[in-house]
Amino acid sequence: MIPDKAPGEEVLHASGDLKKQAHIPSFEKYKELYIRSVESPEEFWGDVAKDFFWKTKYTGKFLDYNFDVTKGEIFVKCMEGATTNICYNVLDRNVHERKLGDKVAFYWEGNEPGDEKTVTYRELLQQVCKLANVLKSQGVKKGDRVSIYMPMVVELVVAMLACARIGAVHSIVFAGFSAESLCERIMDSQCCILITADGFYRGDKLIGLKLIADEALQKCRDKSFTVEKCIMLKHLTKEDEASSGSLSPPAKRTCPDLQQEKQKERVRKVRPSPQVPWNPEVDLCWHSLIGGASEECEPVWCDSEDPLFILYTSGSTGKPKGVLHTVSGYMLYTAATFKMVFDYHSDDVYWCTADIGWITGHSYITYGPLANGATSVLFEGLPTYPDVSRMWEIVDKYHVSKFYTAPTAIRLLMKYGSEPVQKYKRTSLKILGTVGEPINPEAWQWYYSVVGEKRCPVVDTFWQTETV
């Protein structure tokens with residue numbers, strides 16, 4: 001329930017200019033929308049659905065559910081009978097219908113300053129179609145589960161959307177998890193293929209993903225479950241090392257971290273490359289497969305209640321549980337909440353610092369922003385590497401207007417005071433967001449006063465793996 005009127009005291013209001021263009025400019029407007037969503041959900045969500053493409057319309061109730069065990073089976077259904085494809089809606093629709101093909105989908109910022117890439121909506125669509133064709137050539141079909149164990153690179157988004165394009169179910173495992181955790185999730189969701197990378201750097205620490213992935217696949221075999229194929233992205237591997245004695249093709253690019261060079265008055269460290277074991281009976285090189293694939297791939301039309309992805313809870317409160325999200329309800333919810341909670345507008349540059357391995361990253365790095373045709377920053381590194389000003393440097397570099405991070409990160413950066421923040425202008429910032437756990441008053445005040453200079457509203461959000 002919400003109060004009848006806005007609190008009268010200790011309320012910090014957004015600026016008049018921000019309110020003028022806001023999707024929800026007042027408490028009264030918020031209350032109106034909330035009541036409509038509760039009392040007339042079919043009408044409320046039906047308006048959201050008008051922004052998307054449906055191959056066929058729904059035939060039953062718009063929303064149908066039962067949460068009472070005394071009345072039978074527990075279920076939730078949204079737009080039963082409708083067919084669509086979420087990849088088509090977040091890419092093809094933006095490129096062909098909304099003419100956003102040349103708009104930047106992602107500014108990718110690597111772990112090391114200067115390692116960067118810009119990807120447009122058209123380029124993203126082309127890469128997704130190529131990988132979707134690769135997956136089909138490997139026998140992956142609608143309903144099959146695909147495990148993804150990758151760092152925060154654009155290819156992770158490509159892998160997610162390639163699965164969605166052909167109706168396969170992606171199951172992403174956070175790249176910081178162990179071989180045992182990866183094995184458990186692969187077996188529980190019965191994945192037929194694994195997509196991973198050679199490795200990545202998290203600050204100064206090298207994470208050998210392929211070594212961990214191989215260990216996980218061996219654990220699966222030891223438990224009588226075999227994953228037939230593993231597709232590996234060469235993110236770090238040096239070309240000369242790849243071509244000497246390895247059965248895998250050369251790297252996509254030489255990692256700049258592997259050279260000592262000056263950039264922006266910083267001397268880069270010489271980085272050791274990861275060990276990349278290679279089993280030609282199982283392992284496939286992403287780059288070789290993509291190189292020969294077509295950029296055209298018709299989407300597989302999915303029923304509204306078909307599965308989209310499985311994501312496992314962290315396991316911090318018990319055995320990890322695989323949560324299944326379906327296509328249409330998830331698409332509408334993430335699109336609407338991204339637009340309204342962050343007050344998204346077409347000229348915004350949005351940055352969510354979460355990892356895609358968690359539900360926040362699924363919803364508010366990949367699906368929600370892309371559904372709205374947004375431009376996002378995708379960051380591989382740490383907030384404190386190579387120094388504690390890294391986040392604010394990135395904000396200024398890409399002119400970030402909507403910034404979304406965790407109270408844990410805010411409390412960490414608070415320890416270093418305001419000087420690292422104030423080294424950078426941050427004048428592009430309009431709205432700040434928090435997610436992950438409750439934020440304490442001291443961290444909120446520092447975020448609002450120092451980072452946002454008392455001019456950026458703070459949106460404190462709450463999601464769960466099970467709910468969004």
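These legends describe four close-up views of a predicted model. Local features require pLDDT of at least 70 and side-chain atom pairs pLDDT 80 or more, while totals for chains, interfaces and linings use all residues. Residues are numbered from 1 along each chain as its sequence is written, and side-chain values use heavy atoms, without hydrogens and water.

**View A. Helices H2 and H3.** Helix H2 (residues 27-39) and helix H3 (residues 41-49) are DSSP runs of H or I with at least four residues, numbered from the N terminus. Their axes, lines fitted to C-alpha atoms over the stretch in contact, come within 5 Å and cross at roughly 110°, with angles running from 0 to 180 degrees between N-to-C directions. H2 is therefore roughly perpendicular to H3 (65 to 115 degrees). Leu33, Arg36, Ser37, Val38 and Glu39 of H2 contact Pro41, Glu43, Phe44 and Asp47 of H3 (heavy atoms within 4.5 Å).

**View B. Asn89 in helix H4.** Asn89 belongs to H4 (residues 86-97). Asn89 counts as buried because its relative accessibility is 0% (buried is under 20%, exposed over 50%, partly exposed in between; 1.4 Å probe, protein chains only). Beyond neighbours within four places in sequence, Asn89 contacts Phe52, Phe53, Thr84, Asn94 and Met331.

**View C. Met187 in helix H7.** Met187 lies in H7 (residues 179-189) and is partly exposed, at 22% relative accessible area. Residues up to four places away excluded, Met187 touches Cys220, Lys223 and Phe225. The C-alpha atoms of Met187 and Thr226 are 9.0 Å apart, with the two positions 39 residues apart in sequence numbering.

**View D. Val69 in a loop.** Val69 sits between strand E1 (63-66) and strand E2 (75-78), strands being DSSP runs of E with at least two residues. With 64% relative accessibility, Val69 counts as exposed.

How values were computed:
Parallel < 35°, antiparallel > 145°, perpendicular 65-115°, else oblique.
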